[in-house]
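Reader: Please take a close look at the salt bridges in this model, and at how the side chains that take part in them are placed. I would like the answer to follow them one after another, with the surroundings brought in where they help.

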Amino acid sequence: MILAAADDLLRETDFRSLTVEEVMSRTDMRRSSSYNYFADRNALVMRLLQRIENDMMQVTQPWLDTGDPQLLGDALDGVAAIYARHGHVLSAAQAASFHDAAVEQYYRHTLLQNFIDAVARRLRAEHRAGRARVPDPVHVAHALLLMNASVLAERLGRPPTDRTAPVARTLRFMWARAVYGRDDLT
């Protein structure tokens, strides 16, 4: 109930304006009850992010496991679709990560870093298999993931979110070029 209220509120406002009091006013619970579940608004937003992170890991795992370019395309389509549904939370976290130490720690140094590490492992495997000539997998993974976060926040992090297909196509092109040196992932 609290998570749903916070999610709804982030559709209307940004992280700086988010207060525990306003979140709790959208539930049938007292404000003090929130502290039984969440230490503060940071913990609340981080819990929302954890749910989204799990969804993103599920859609990216097939490519991370196999390196199949078609599965990379599917993963990018899936990430764009998730962002279209949850961009308000992800954009709030990205923005907050520049001025809130707790959100920065979780968003940049945990969530994004987990994906950077996973992509770097896949890029090293693709390089060893001769399918990719990525010169520095960690830096390339970092650049690709930061590009994704920025593009997705800008294009799908706020209404209208009906631009999912063109955003996914752009990301597919960029990743196809960077990872496989080709124009598409088919």
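Author: A residue is called buried when its relative accessible area is under 20%, exposed when that area is over 50%, and partly exposed in between. The model is a predicted one, and its mean pLDDT is 89, with 99% of the residues reaching 70 or more. Confidence is lowest in helix α2 (residues 20-25), where the mean is 85, and highest in α7, where the mean is 95.

The structure holds 7 salt bridges, and a useful place to begin is the pair formed by Glu126 and Arg131, whose side chains meet with an N to O distance of 2.8 Å. Arg131 has a relative accessible area of 41%, and because this value falls between 20% and 50%, Arg131 is partly exposed. Glu126, by contrast, has a relative accessibility of 0% and therefore counts as buried, the limit being under 20%. Elsewhere, salt bridges that share partners bring Glu12, Glu22 and Arg26 together in one network.

A further pair is made by Arg172 and Asp77, whose side chains meet in a salt bridge at 2.8 Å, N to O. This pair links distant parts of the chain, since Arg172 belongs to helix α7 and Asp77 to helix α4, with their positions 95 residues apart in the numbering. Arg172 is buried because its relative accessible area, 16%, is under 20%, whereas Asp77, at 30%, is partly exposed.

The two helices that carry this pair deserve a description of their own. Two packed helices are described by the angle between their axes and the distance between the axes. Here α4 (residues 69-96) and α7 (residues 164-180) pack at an angle of about 145°, and their axes are 9 Å apart. Their crossing is right-handed. On the α4 side the contact is made by Pro69, Gln70, Leu72, Gly73, Asp74, Leu76, Asp77, Ala80, Ala81 and Ala84, and on the α7 side by Thr164, Ala168, Leu171, Arg172, Trp175 and Tyr180. Asp77 and Arg172 are thus among the residues of this contact, which divide into 10 nonpolar, 3 polar and 3 charged.

Another salt bridge joins Asp7 and Arg11, with 3.6 Å from N to O. These partners both lie in helix α1 (residues 2-12), 4 residues apart, or about one turn of the helix. Arg11, with a relative accessibility of 48%, counts as partly exposed because this value is not over 50%. Asp7, at 15%, is under 20% and so counts as buried. When residues up to four places away in sequence are set aside, Asp7 touches Leu48, His88 and Val89.

For a buried residue in another helix, one may turn to Asn42, which is found in helix α3 (residues 41-66). Its relative accessibility is 9%, under the limit of 20%, and Asn42 therefore counts as buried. Leaving aside neighbours within four places in sequence, Asn42 is in contact with Phe15, Asp100, Ala102 and Val103.

To bring the salt bridges together: Glu126 is buried while its partner Arg131 is partly exposed, Arg172 is buried while Asp77 is partly exposed, and Asp7 is buried while Arg11 is partly exposed.

Notes
Residues are numbered from 1 along each chain as its sequence is written. This is a predicted model: local features need pLDDT of at least 70, side-chain atom pairs count only at pLDDT 80 or more; totals for chains, interfaces and linings use all residues. Side-chain values use heavy atoms; hydrogens and water are left out. Axes are lines fitted to C-alpha atoms, for helices over the stretch in contact, and angles run from 0 to 180 degrees between N-to-C directions. Helices (H or I, at least four residues) and strands (E, at least two) are DSSP runs, numbered from the N terminus. A crossing is left-handed if the near helix is turned anticlockwise from the far one by less than a right angle, and right-handed if clockwise. Contact means heavy atoms within 4.5 Å. Ala, Val, Leu, Ile, Met, Phe, Trp, Tyr, Cys and Pro count as nonpolar, Asp, Glu, Lys and Arg as charged, and the others, Gly among them, as polar. A salt bridge is a side-chain nitrogen of Lys or Arg within 4 Å of a carboxyl oxygen of Asp or Glu. Buried means under 20% relative accessible area, exposed over 50%, partly exposed in between (1.4 Å probe, protein chains only). pLDDT is the predictor's confidence in each residue, from 0 to 100.
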